[in-house]
Each structure stands twice: as C-alpha cells, then as structure tokens.
Amino acid sequence: MPPGFTGTKPLIPRLIRPYNRRHDAKMGTSTKVGGVPNKTTNIETKSYTRPKIAQPVSHLVKKQDVDAIINDQLVNEFDDFFIEAYSSSIVDATETFMNNKFEASNTLYFQDIPSIQQLFSPTYRISSTRTSGIVAYAYFTRSIIRTSKPTTHPSYHAPTDSFTIPQDCPVLIIPVWDYKDKVVGVVEIVKPFGSPDFTEEDEKWGQLFQYKFQVYSRFFLRAPANEPMLLDLLSLGTLDQIIPQICNRIQNYLGARNCEIWRIDLLSQKTFKYGFNILESTVEKSGIVGAALSEGAILNCPRTHLHPQYNPDIDGQYDEPLLFVPVTTNSPDEVYGVVLRGTVTGVIFTNEDENALCRVAPFITLAILNSHIYTDINTEFERSRAEREGLAALLEVAEILSGQLEIDRLTEVIMEKGRQLTKADRCSLFIVSQSRDRLITSFQRGLANSIDIPINKGIAGQTVTEKKVINIADAYSDPSFDNTTDMETGYRTRSILSVPIINNNTGEVIGVTEMVNKADMTPFTAWDAHLIQIFNVFCGISLENATLYRQSIDMTNQLRSFFDASMTLTTNGSLQKVLKDIVTNARKSVDARRAAVFLVDETTSTLSSFISDGGKLPATLPLAAGIVGACVKSKEIISVTDAYSDPRFNRSVDKQTGFKTTSLLAAPIISKSGEVLGVVEMVNKETGSFSEKDATMIKSFATFASVSLENARLKNIAELGSAEIEMAKYVGESERQSYDIPNRLVLSDDQKSTASSLNFLCTDCKGIGQVKILFYLFNKFKILERFSITNEMFFRFIYEVRSYYHDVPYHNWTHAVDVVEYVSYEITTAKLENVLTPLEIFALLLSAVCHDAGHDGFNNVYNEKSETPLGILFKSQSVMETHHCTVAIQILSNDETNLLHALNPTDIRKMWNMIIKLILATDMAHHFKMVKDTGALLDENTFDLKKDEHRMLAMQLLLKIGDISNVSRPFKLADKWCDILSEEFWRQGDNEIKNGLGLSSPLNDRNNQDKPKGQIGFYNFVCLPLYQVVARLFPPLEVNLNSVKANLEVWKSLAIQGQK
C-alpha cells in the first residue's frame, strides 16, 4: 500500500497554508537604474518605526472623484493597459505604461513578497525590506507620495533609495492593492533630472489608477491554470517514469534551476527524496528541506547559505534562492514537499512563483500517490496472475494424477509441471536409498546419466539432513554446493531451489526435488518454493502408496484445499483460516450438513471448538463425554448412523444449539508420536449414511490436519522458546485468547486477600505462584480486557521479562512482583481508581514489573566506579535505570509480548513517556529533590493533579514507595527483607574491596555491621520524608506512614538493647 493511502477512500493532497516567515539575511541583487547596469551589491537596510498617522485619505478613492477626472481618452488608455497586463505581465505593462504616460526616465514596479517581508523589482532585480525607504513608507501608509526632492522626504533612506532615485529627481510613488484590499505592489515613477514636477492632477490620476487597478486586479493578477501541464502531471506511470517528467515540467514552468520532490514520515522523522530511486534519510541530515518538512510551512529562502539548516551535501554549493511548498494527504503522519532551487534570473522567488507552485504542488503529490497505487496494483495483478496460473496448473496435475497409476509416470508428470511453473532450466528428483546413505535421481531433465551421491553431499544432501527448503540465488557462493556435475557436463549452475519430500506418516525425508537455473536469470521466488512444496506432497504420496492415488480420484476438491493449506503454512498464515478452508471443502466432499474440528486441551480436560463450519458450537466440550470424547479415547474413527440411539452421544450440544443431529462421523487427529491432538467431526450426511469411502477421506484430511497442527506447534516452540511449553501446563487452548484468568492460575480467596495487603511476603510464592499474583493484580483493574491483552500474550510477557531478571539477592524477579503488589495495594487503599486513568494505572503496574529488569545487583555508583559496560554506556545518567528502560523497550517492541499493541498512536506516546519517566524516577539520586519539590508544592498549596506534570510526580512517588515498600510492611517481614538487601550490599562491598575501589557505603561492609543503627538512619533520612509527603498527597496512605513509624520504634528499641 503506498504512503498516504488509507484504504479505499480517495487520496486528496491538501496544500498546507503558509504563514509569514521573516528572513533577515542580506540578499545579493543585481540592480539597474536609469538604463545603467550596476554590479551586484548588498542593499543595507535601516529599520524604522511605522509612523503612527491617521489612515491617509488619498487611498480612499470615491466614485464621484473618479467620475470627475475620467474621460474617453483615459478610458482607452486604461483599457489598453489592462489588456496588455492580462496578456503579458503586470510588471512589464505597468513600467511601459508609466514611462510613456509621464515621459519618465525609469519606472519600477515593486512586487510584495509576504513570505520574506520584501519588496522586489523583477525588472531591475532590486529588493529591500518593507521597513526602510520611501517605497516601504508608501507600502505601509497606502498613500501616494509626490515629491520633487526625494532626499528631503522624512522616509528617504539613502542606502535603499539612491539605487532607484537619482538625486532630487521628481518622483511619484503609487501603492496598489487587489480586489481583496491587500497591497500587492508599489509603482515608483522617476522623471529625468530637471523635468517638471509631478502635479496634483498627476496625483489624482494616480488615485484613478489605484481604483482601476483594484477593480481589474481579479482578472490580471490571477494566473490562468495551465491545464495541459496539469493533465500531463497526472498521467499514470511508475515513479522512475513520472518523477523526471514532473521535475522537468515544473523547472521549465517556473524558471527554476532544479525541482525536487520530498516526503517526511512524521512518526519516524525519516525523509525520502524521490528520483530514479527513493533516497531515505533523517530530518537532521536533510538540510533546509528537512527542517521545512518538519515544520510543514511554506519556505521562501533568498539565500541557502544563510539558512541555519544549510547542508552543502544536500543543498549544494550554490548560494541561491530556495522555494518549498508542503502538501498533506489523508495520512496525518506524512507530508510531501515540492522544492525549487535557483531561478533563471538568479535573484529570488517572487510571490507569483509561490502562488504558482502552491497551485501545482497538490497535483504533483496526487501524481506520486497515484503512481504508488498504480505500481502496487500492477504488481499485485502480476502476482495474482502468476498464482492463478500456478493453481490452474496444480489442478491440471491433479487431473493427470487421477488417471495415472504407475509411479514413474506420475513422478515424471509432476516434475515436468513443476519445472514449467518455476521456469527452471533443469529439474531432478533425488530418492533416498533404502539404506538411507545415498541419494539417487529417478528422473532428470537435461542430464544424460542419473546422479548417485552420498546422502550428506551437496545441496540435496543438505536439504535431507536439515529437513528444510533451500533457495540459493548464487550456487557457487554457497559452500554446500558440489560442482562435480557441472565439471563433468560443462553445465553452469546459477540458482537452485531444493525442497524435501517428507513421508506424512513417519516424518522422514524420502526424497528431494531440485530445480536448477530459473530461465529469466533471476533467483527462484518464495512462490516457486510454495508450488514445489505442494508438488512434493504429491510426490510423497505417490512414492509411498500408488493405491492411495488411485483412490483419490474423487478427492480432487479436497486436495485443492490441502494444497492451499500447505502454501498458507509456509507463509506464516493463520492456522485457523487454513483449517477452516479445508474442513469446508471436506464437508462438501462427503456431503455433510455441518463440520467441526475439536482440539484436545489436557490442561482443562476439555475439547475446544477450534473450527465450526455450518453452525455454532459451545466453546468447549467435556473430554470424557460424547462421541468426540470417545473418539479421543479410542483413537479410532467412529461412524454413527443414528446419534440418539448411541449411548455415547452428548445430547446437551443439540439442546444448546437447537440443532438435530442424526448421523455423525468422527476421526482422530493423531500426531507422529501417537498423541491425539483433536478430532475432525462431520455431522448429518445429506443423503444416506456416511460410507467407508467417506471415512477414508476424513481420515486423510485428519492426517493433513495433524501435520498442519504439529508444524504450527513446532513453529511456536521454535519462535517462542520454552515459554510455549511452560504455558501449555497452565493455560488451556480455549483460554489463550481469553481475558479471564486461566483456571490453573486463579488464586484462592485467602491468597487474594494476602495479595491485597501489607502483610504480603513475595518470597513465599515463588515460581508459578508469582505468575498467578501478576494475573490477579492486572485483572483486578481489568487491564487485560481493557487493553485487549490475551492470556497468551500476558503469559509470554511475564515469561520474557522474568528471564531478564538476574539471580541476585535482592533486585530480582521476586522484588519486581513485590513492588507490583505494593503499588496495587496503594491504588486500592487510596481509591486511586477514581483519580488515575486506566492508562495511568496500566503504566504504573507495567513500570513496576519492568523497573529493575536486567539489574546486576550493583548500584549506579559501583557501575561507574568499576567502569562496567553499563557504567561506561550510561555514565552520569541513571546507569541501571536507563538500562531497565532499554530492556522494557526491547520486550514491549516484540509482537509476541507487546502489551501496548491495542493503543492508538497518541496513547502509545503517552504510555512510553510515563513508563520511561516512572522507571528513571526510581534512581535514588533523584529521591531527595523529588521529595523536597513535592513538599514545597504542598506547602504553597499549588499541587494540582489536573496538571500533567503534577500527576506524573504523584505516580513517580507511588512507584518509589513501592520500590522501598519493605519498610512499611509488618516488622517481621521488614526484617526479612532487610537481611536480603544487606546480602546484596555486602556482595557489592566484597567486590569493591577485591577490586580496590573502596567501599561506596558503610552498609556494604560485611564485617562491621550495626543493623539497627543502619536502619534507623535509613528510615529517618530516606523513608519517613517520602512516606510523609505521599500521605499528604493521599491521606488514606497515612496508614503506611504509621507502619513505618512503628517499625522505626522497634529498630530504636533493638539499638538500645544492643548498646546494653
């Protein structure tokens, strides 16, 4: 799908409306005054404060004043002028007209360029700011200026005006505005030195000119649409075809040296420059255009070298003007931009250039988006056509097989069709010898003699030993390739597609199909591999049992579904969809009313309804009841003619669904190891009863279903590791996609009560007990259901994050679960469900789980002093806490463990901000400042939970209390945690002494410990201030403060006893 395409809704590029951006850079311009060209010079400007004067009467031209001075001659003059302005250029027409009218030596038409706050004369290439000189004064005051001595005028500015007005020449300056009453230009008329002054009548004529200009401006200031060019821009083609065409058109149309087309992805901040290839970069490396794309506003830059983001590698060596116009599409996350570099005049881009580019930019973007769509549709069409041809050929092979009983002929037909489909030059079928030590070709094309090689030699041997598809683009670059045959025959092997043939019953590789050298000199594709894998199903069946092929004439439709299943599984397709398609065709083949696939769930002793075709079924059935249960137990096909007369039949299903079962056929799905994976069930044959032939067909399907299910299971184990095995013990198949706590992970009422209190010791519930705690706490706040986190995903997340916690005395997985429990207890006790949003509660719990992931048992000071890799990498920036954040990011970025997958982009950004800020806040280096700042806000009565920063501060304090929560638990538990923590301190101290680093804290000295004294100091200086400020924030949590105070008194008592 192309960028900017959001489904079937039409793509509508939209121009981002500009806002003015001032450029203070001085511009190099070429000036020409009085017919004498001057060298390129920098016009220095002098700013002045705009005069505070009443609006001049001169620009308010009244109808009666116009009528008083108009006559036929003037009418003709103006008509000629405006016809010329419409047919050529307003600049040329105005200057010619004024020169003739007043016998002027020079007339300059200054265009207003709002985007750069400049007044510009295209004819003489002169520009100046709006804030200096007589022309600027006329622009701001909208008044006509008539003077015989310009140098005496209060607004005269020599550095600006001397270039256009020879000293003391009569001057008449007329500002003009359009039909929208917006000043668009200033006309400066200069008579030769010594000429008569401009008169009052001339000034009145100027008012008439203003009036006429405003009336007719809607016609000659509107550039006509260049419809042929726009049609050319919208012509369909691939990007490499249309990009050069578009750029050349725009360069010629707007007189630019170069035209470029860019795009930015606002989420990733990546930029893309279109050309023969699309060049990817970042905003920072994309120069002026990168900054303009990021800001999304029109940019008219007079000189690129003076722009702060100028990058010579991107923006080139020319110091030239640049014009950028952005365009949005239906996608809010991307912006396109059209860039013009350099003008044929060598000066700047005018307001007319801006408007013209704004008009065509959306069409350019639409052309590119249409090109993306065109390319995708064309590619999809070609792919679909190839697949249709492949499937048609498969059907042809099936028809041929139905009439062939001799194995050699069957194999020859399949391989020839495979060679044709993959467009291979040669093909071979290697058969594993009975001794399983040799590979022998039974059929080959293009070879005079058969090939007999050791089973572990060459690509074919590798395919057998590794039992996988091997697709090699360059055979001679692969170390497993054996070029012996090439050397003997003079043939040159380039590409190879080698696919194993597997015995469906034993799982052993019995042969290999090898395709050599795709005809078009390209490598074999994934689709080629899929086709040959399907072919190999035929080969395996034909080699094992020719009789099965003779009996499969009536199974053509069913086999088509099996082919699709094989193809889908190799492309990571949905197993449920594959089996759904196959069981539907199987139902039709045996003429059954309904069909279903049930999967055995030993965890819950049930059969889960995995596939239901033709009607609804209960989600689960008891494993010990019904025909299906009997099929599992016996491992045999069961065919029932009258269901209600069979005592094994479970009538409750019909009662629940309202369906009447008459006949029934059930076949077990058995794995290679003999384990029953499930049952295929056909219900109510339309005519008569199920036959032996039907039973054979369903048994055949059950075999394919077994292979599919086992492949899916093996794939899960390979991709997801031991978590899959562990999950199978506690989460049933029917529970995986549910949000309700799995039966085997449910806590007892007493356990729930303990897990919601201060009297909770996490060390008492290690292993699966801690998993149960997390399931209970997250479901307590409906996190899984609310954020679409299935039991399967949450279990994988727990298993994954647990693997990152090291076996250290304190900062381990048990501590993480303990912090989650305490944070949950705080939320419940303070009734924070009514204060915090569900997303914020989710962030708190998730941060608690991940806050110490990857902790090595050593604090930040140690890591920096000993210069561990983490200490070097994250020096002076919360070493361990930053590391914990990176671990959390890694886990939550994995699709299998991404608990944030259901969030929209806005909530994802919020969530990551919260998680990272919460975890970083656990660094004790920030402890005292956070407590002090919060206390100050409370003292000033300015703490406000409606403010985002204050809400975050409150959440950080809740997590920090959870991190040191041991001090507020009953003293017996607090004392146990103290011993565990001390062991970790001593472990660090031993290393500090061993490595000669010196003890970073007295608490790290194993041989000089005063436990009560150390705890008293910790409670007084660290714990109590934190608990006090949180109790002020959330008064119900004062109970925890009191618990801390009570424990402190015990420590003081023990200290006194120790002194005695």
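**Entry 1: the largest cavity**

I started with the largest cavity, which holds about 280 Å³ of space. Note to self: this is a predicted model. I then checked which residues sit closest to the centre of that cavity. They turned out to be Phe-598, Leu-617, Val-653, Leu-664 and Glu-681, out of 27 residues in the lining.

Next I looked up which elements give two or more residues to this lining. On the strand side I wrote down β24 (592-601), β25 (606-613), β26 (620-622) and β29 (676-685). The helices on the list are α19 (626-634) and α20 (652-657).

I also sorted the lining by character: 15 residues are nonpolar, seven are polar and five are charged. For the whole model, I got a count of four cavities of 30 Å³ or more.

**Entry 2: a helix pair**

I moved on to α36 (residues 1011-1033) and α37 (residues 1038-1059). Their axes lie 10 Å apart, and the packing angle is about 165°. Angles over 145 degrees count as roughly antiparallel, so I put α36 and α37 down as roughly antiparallel to each other. Their crossing is left-handed.

Then I went through who meets whom. From α36 the contact includes Ile-1016, Tyr-1019, Cys-1023, Leu-1024 and Tyr-1027. From α37 I noted, among others, Leu-1041, Val-1044, Leu-1048, Trp-1051 and Ala-1055. Lys-1011 in α36 and Glu-1038, Lys-1045 and Lys-1052 in α37 are also in the contact.

How do the residues of this contact divide? I have 13 nonpolar, five polar and four charged.

Methods: Residues numbered from 1 in each chain as written. Predicted model: local features only at pLDDT ≥ 70, side-chain atom pairs only at ≥ 80, totals over all residues. Heavy atoms only, no water. 1 Å grid on protein atoms, 1.4 Å probe; cavity = no way out; pocket = protein on both sides within 12 Å on 5 of 7 lines; lining within 4 Å. Points joined across faces, edges and corners; volume = space filled by probe spheres on them. Helix = DSSP H or I, 4+ residues; strand = E, 2+ residues; numbered from the N terminus. Nonpolar A, V, L, I, M, F, W, Y, C, P; charged D, E, K, R; others polar. Axes fitted to C-alpha atoms, helices over the stretch in contact; angles between N-to-C directions. Parallel < 35°, antiparallel > 145°, perpendicular 65-115°, else oblique. Left-handed = near helix turned anticlockwise from the far one by under 90°. Contact = heavy atoms within 4.5 Å.
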